[in-house]
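Subject: Structure handover, with notes on what was found

Dear colleague,

I am passing this structure on to you, together with some notes that you can follow while you turn it on your screen. Please keep it open as you read.

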Amino acid sequence: MQMAELNGITVHYADQGDPNGAAVVFSNSLGTDFRLWDQLMPYLPKGLRLIRYDTRGHGLTGAPDGDYFMGDLVGDAAALLDHLGVKNCIFVGLSIGGMIAQGLAAERLDLVRGLVLSNTAAKIGTTAMWQDRMEAVRKGGIAALEAGILERWLSPRWRRENPVELAGWRHMLCRTPVDGYLGCSAAIAETDLFDSTARLTLPTLAIAGSEDGSTPPDLVRETADLMKGSKFHLIRGAGHLPCVEQPQEYAAVLTTFLEEQGHV
């Protein structure tokens, strides 16, 4: 277990692989922790330094009460990379993790040489939508939203064929600290990155799932199109968590991107 006191909270992370290798950093989605990337790890090239961490309010990272701001979450990522001495990483973010990736690249370009924006956007949903979800969680806990979230996360076929694994994702979601879920929801609600993301020029790969009910492919593509020269890849038959449903395809497209950037 690797922990660090950073940016006013305790951050849980995993720093694995070759300590001298090129760094790839993974940022998880709302309602998950860094185990989101477990299935992907065996399919990635050897020789990389693979860094995962639990977002503020998730997993074993601290979950202060009150609203969080995207600047808090970006600051956490920057503080971790500074702590680990990482420069020029490829930063892979899914959903809120992809928003963190965009914000980090806009503020600390010294830390990032390429982005993978997975199942994310410059703006996700509306303020009113997030306020409604937050109110439902305050009244009934995360379990009040559980069914709808799992339907958006994972395709009908995957849910039908993987009941045991589905139970695991349900447990992970519902065991997310309520303060953390609410805090990160507030951060998403207030975030609009269109202007800053449109100014980014670093290499970017956008990944979408054809069955994603949270960030549909057109929304992901719209964000990718803000950045000149970005690439877009659609994983068919996958929902909001394609690294769970299709880890081999996800790893293959990520590996190709890493190779194109000379990062392998």
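Strands, as the word is used below, are DSSP runs of E with at least two residues, numbered from the N terminus. Please also bear in mind throughout that this is a predicted model.

With that in hand, a good place to start is leucine 94, which belongs to strand β5, made up of residues 89–94. Leucine 94 is buried, because its relative accessible area is 0% and buried means under 20%. If we set aside the neighbours within four places in sequence, the contacts of leucine 94 include Ser27, Leu36, Trp37, Asn119 and His240. You can also look for alanine 208, which is 114 residues away from leucine 94 along the chain, while the C-alpha atoms of the two are separated by 9.7 Å.

Two residues that I would look at next have an unusual backbone angle. Most residues other than glycine have a negative phi. Serine 95, however, has a positive phi of about 60° although it is not a glycine, and it lies in the loop between β5 and α2. Asparagine 119, again not a glycine, has a positive phi of about 50°, and its place is the loop between β6 and α3. Are these two residues buried or exposed? Serine 95 is buried, with a relative accessible area of 8%, and asparagine 119 is buried as well, with a value of 0%.

Now to the aromatic rings. The structure holds two aromatic pairs, and one of them is formed by phenylalanine 26 and tryptophan 37, whose ring centres are 5.0 Å apart and whose planes make an angle of 50°, so that the pair counts as tilted, being neither under 30 degrees nor over 60. This pair links distant parts of the chain, since phenylalanine 26 sits in strand β3 and tryptophan 37 in the loop between β3 and β4, eleven residues apart. Both phenylalanine 26 and tryptophan 37 are buried, and ring pairs join Phe26, Trp37 and Tyr250 into a cluster. Beyond the residues up to four places away in sequence, tryptophan 37 touches, among others, Arg52, Val92, Leu94 and Cys243.

Two further rings have an arginine over them: arginine 56 lies over the face of tyrosine 68, at 5.7 Å from the ring centre, and arginine 221 lies over the face of phenylalanine 232, at 4.0 Å from the ring centre.

In soluble globular proteins, nonpolar side chains tend to be buried together. Here the largest nonpolar core has 86 residues, and those with the most contacts inside it are Phe26, Trp37 and Phe91. The largest share of this core, eight residues, comes from helix α1, which covers residues 70–84.

Just as the core draws on α1, the loop between α1 and β5 holds valine 86, which counts as buried because its relative accessible area is 3%. Leaving aside neighbours within four places in sequence, valine 86 is in contact with Ala23, Arg49, Ile51, Leu81 and Leu111.

Helix α3 is worth a slower look. Its 14 residues, 127–140, should span 20 Å at 1.5 Å a residue, and because the C-alpha atoms at its ends are 20 Å apart, the expected and the computed values agree. Which residues of α3 are buried? They are Trp130, Met134 and Val137, and because these residues cover an arc of only 60° around the axis, they lie on the same side of α3. An α-helix has 3.6 residues a turn, so residues three or four places apart point the same way. On the other side of α3, Asp132 and Lys139 are exposed, whereas what covers the buried residues includes α7. After α3 comes glycine 141, whose phi is positive, near 75°.

Finally, threonine 255 is found in helix α11, residues 247–260, and it counts as buried because its relative accessibility is 13%. Apart from neighbours within four places in sequence, threonine 255 is in contact with Tyr43, Leu44 and Pro45.

With best wishes

Technical notes:
Residues are numbered from 1 along each chain as its sequence is written. This is a predicted model: local features need pLDDT of at least 70, side-chain atom pairs count only at pLDDT 80 or more; totals for chains, interfaces and linings use all residues. Side-chain values use heavy atoms; hydrogens and water are left out. Rings of Phe, Tyr and Trp (its six-membered ring) pair if their centres lie within 6.5 Å; planes under 30 degrees apart count as stacked, over 60 as edge-to-face and the rest as tilted. Helices (H or I, at least four residues) and strands (E, at least two) are DSSP runs, numbered from the N terminus. Buried means under 20% relative accessible area, exposed over 50%, partly exposed in between (1.4 Å probe, protein chains only). A charge sits over a ring if NZ of Lys or CZ of Arg is within 6 Å of the ring centre and within 35 degrees of the ring normal. Contact means heavy atoms within 4.5 Å. The expected span of a helix is 1.5 Å times one less than its number of residues. The arc is that of the directions from the helix axis to the C-beta atoms. A nonpolar core is a set of buried Ala, Val, Leu, Ile, Met, Phe, Trp, Tyr and Cys residues joined through side-chain atoms within 4.5 Å.
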